[in-house]
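Here is a short briefing on a protein model with a bound ligand. Topics run from the ligand site to a sheet and two backbone details.

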Amino acid sequence: MKAPARKAGTRKDFLVFGSPLISEAEIQEVVKTLRSGWIGTGPKVKRFEDLVLAYKGSKHAVAVSSGSAALHLALMALELKPGDEVITTPMTFCATLNAILHAGAKPVLADCDRTTLNIDPAAIERKITRKTRAILPVHFAGRPCDMDELMSIARRRKLAVVEDCAHAIETEYHGRKAGTFGDFGALSFYVTKNITTAEGGMIITDDGGNADKIKMLALHGMSKDAWRRFSDKFHKHYAVIYAGFKYNMTDIQASLGIHQIRRIDRYWLRRQRLWRFYDEALGGLPCTLPAPPEKATRHGYHLYTVLADTDRLGMTRDQVLRKLSEHKIGTGVHYRALHLEPYYRKVLGHKPGDFPNAEYISERTFTLPLSAKLSDQDAYDVVTAARAVLRR
Ligand SMILES: *Cc1c(COP(=O)(O)O)cnc(C)c1O
């Protein structure tokens with residue numbers, strides 16, 4: 001980090017949280033696609049799938065319209081029945097729970113760990129019943145879940161595993177890429193994610209049968225050839241095999257993806273640099289910084305989440321956020337505990353106290369900007385503001 005630290009409160013423009021780094025290559029690619037006469041699902045989507053496959057080392061990939069669609073279709077492929085249970089964490093984005101509900105099953109929550117923020121395998125074990133069909137771990141902030149323990153539980157209890165890799169494209173655990181442990185990995189290329197197609201997602205799997213099925217489900221449930229029908233010279237009939245969805249990715253989106261994926265490690269290195277700078281510069285403040293990455297893992301460095309020591313600060317988390325925004329620093333909250341959201345309270349019957357660790361995090365957590373787009377000056381401004389706000 002080379003820029004000089006400016007005085008607190010002197011930043012002029014607002015630092016937008018999660019603003020993506022888009023280069024001229026993406027812009028030119030989108031323009032080329034627009035001029036090509038083919039902007040729908042086509043060759044660029046296929047190329048993007050192949051590039052992600054090469055990066056992740058799995059056998060099959062299906063690009064879809066969002067990470068939420070990826071989760072939904074992975075769960076649909078499991079053919080869950082009403083009453084079937086899927087275990088996941090209350091410390092995630094609502095899309096994770098909604099996907100389980102839309103796939104016709106019941107989300108069962110298991111508390112997370114206060115340090116790793118990831119689902120606690122011991123808590124999973126306590127929640128397994130005769131109706132449990134799958135575990136849906138979220139590699140929170142890019143930190144891998146305890147996959148040895150988790151896969152051992154899944155094998156022993158014959159449960160499917162769908163990994164929510166929305167934060168974790170680059171994440172590795174004991175030499176293996178996140179998303180390749182379970183039956184499916186679901187990726188997101190939403191604007192704020194590590195690489196982006198504006199909106200987009202992908203399912204990765206080693207099972208060819210499931211990949212074919214997901215591909216059909218993503219396009220109305222029409223037979224496989226439907227994906228190619230517009231590029232064929234002659235009309236080809238399709239057959240409708242399932243009541244599917246409209247979840248296909250377009251070549252406009254893939255135009256961003258094929259360039260972003262090539263830069264994935266460069267972006268990762270930049271975020272790692274920012275992460276270490278924050279670690280050094282924010283130590284000693286009345287807050288808990290993210291736990292250091294574990295041995296033999298690769299952290300995805302997606303979210304730099306800080307837990308405010310609200311007691312020592314005499315301030316709520318929301319007051320901290322307001323003050324940071326007065327310093328023109330945009331922040332995020334990942335996340336408020338899901339079981340306390342009105343809808344899940346109602347349908348799952350939860351109440352305060354059900355998941356103490358998730359609630360502890362929920363009340364204290366805030367996320368500092370960590371995009372590869374951040375300049376050294378931006379990073380200094382974040383640190384200067386955080387120090388001014390969190391000083392007691
Ligand atoms: C972003 C996100 C999703 C959903 O991805 P979209 O592409 O926005 O639909 C799912 N799970 C988690 C943990 C996420 O952060």
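**Ligand site and backbone notes**

In this predicted model, a polar side-chain atom of tyrosine 335 lies 3.1 Å from an oxygen atom of the ligand. The protein covers 93% of the 380 Å² of accessible area that the ligand has on its own. The ligand sits in the second largest pocket.

**Polar contacts to the ligand**

- Serine 188 also places a polar side-chain atom by a ligand oxygen atom, at 2.7 Å.
- Aspartate 164 addresses a nitrogen atom of the ligand instead: a polar atom of its side chain lies 2.8 Å away.
- Tyrosine 335, with its 3.1 Å pair to a ligand oxygen atom, is taken up again under the backbone details.

**The shell around the ligand**

- The ligand is surrounded by 17 residues.
- The closest of these are Gly67, Ser68, His167, Ser188 and Lys193.
- By class, the shell residues divide into seven nonpolar, eight polar and two charged.
- Which elements give two or more residues to the shell? They are helix 3 (67-77) and helix 4 (94-102).
- Helix 3 supplies the largest share, with three residues.

**A three-stranded sheet**

- Strands 10, 12 and 13 form an open sheet in the order 10-12-13, with antiparallel pairing.
- Which strands stand at the edges? Strand 10 (287-288) and strand 13 (365-368) do.
- Each edge strand has a single partner strand, so one side of each is left without a neighbour in the sheet.
- Strand 10 is joined to strand 12 (residues 304-308) by two bridges, and this pair runs antiparallel.
- Across this pair, threonine 288 stands opposite leucine 307 in strand 12.
- In general, strands of a sheet pair through backbone hydrogen bonds, either parallel or antiparallel.

**Backbone details**

- Is the peptide bond from histidine 334 to tyrosine 335 cis or trans? The bond is cis, with omega near -5°.
- Tyrosine 335 lies in the loop between helix 11 (317-326) and helix 12 (342-348).
- The residue that follows this cis bond, tyrosine 335, is thus named twice here: its side chain also has a polar atom 3.1 Å from a ligand oxygen atom.
- Alanine 141 has phi near 65°, a positive value in a residue other than glycine.
- Alanine 141 is found in the loop between strand 4 (132-136) and helix 6 (147-156).

Key: Residues numbered from 1 in each chain as written. Predicted model: local features only at pLDDT ≥ 70, side-chain atom pairs only at ≥ 80, totals over all residues. Heavy atoms only, no water. Near = heavy atom within 4 Å. Polar contact = N/O pair within 3.5 Å; in protein donor to acceptor, adjacent residues only side chain to side chain. Areas by Shrake-Rupley, 256 points an atom, 1.4 Å probe, with all protein chains shown as cover. 1 Å grid on protein atoms, 1.4 Å probe; cavity = no way out; pocket = protein on both sides within 12 Å on 5 of 7 lines; lining within 4 Å. Sits in = over half its atoms within 2 Å of the grid points. Helix = DSSP H or I, 4+ residues; strand = E, 2+ residues; numbered from the N terminus. Nonpolar A, V, L, I, M, F, W, Y, C, P; charged D, E, K, R; others polar. Pairing = 2+ DSSP bridges.
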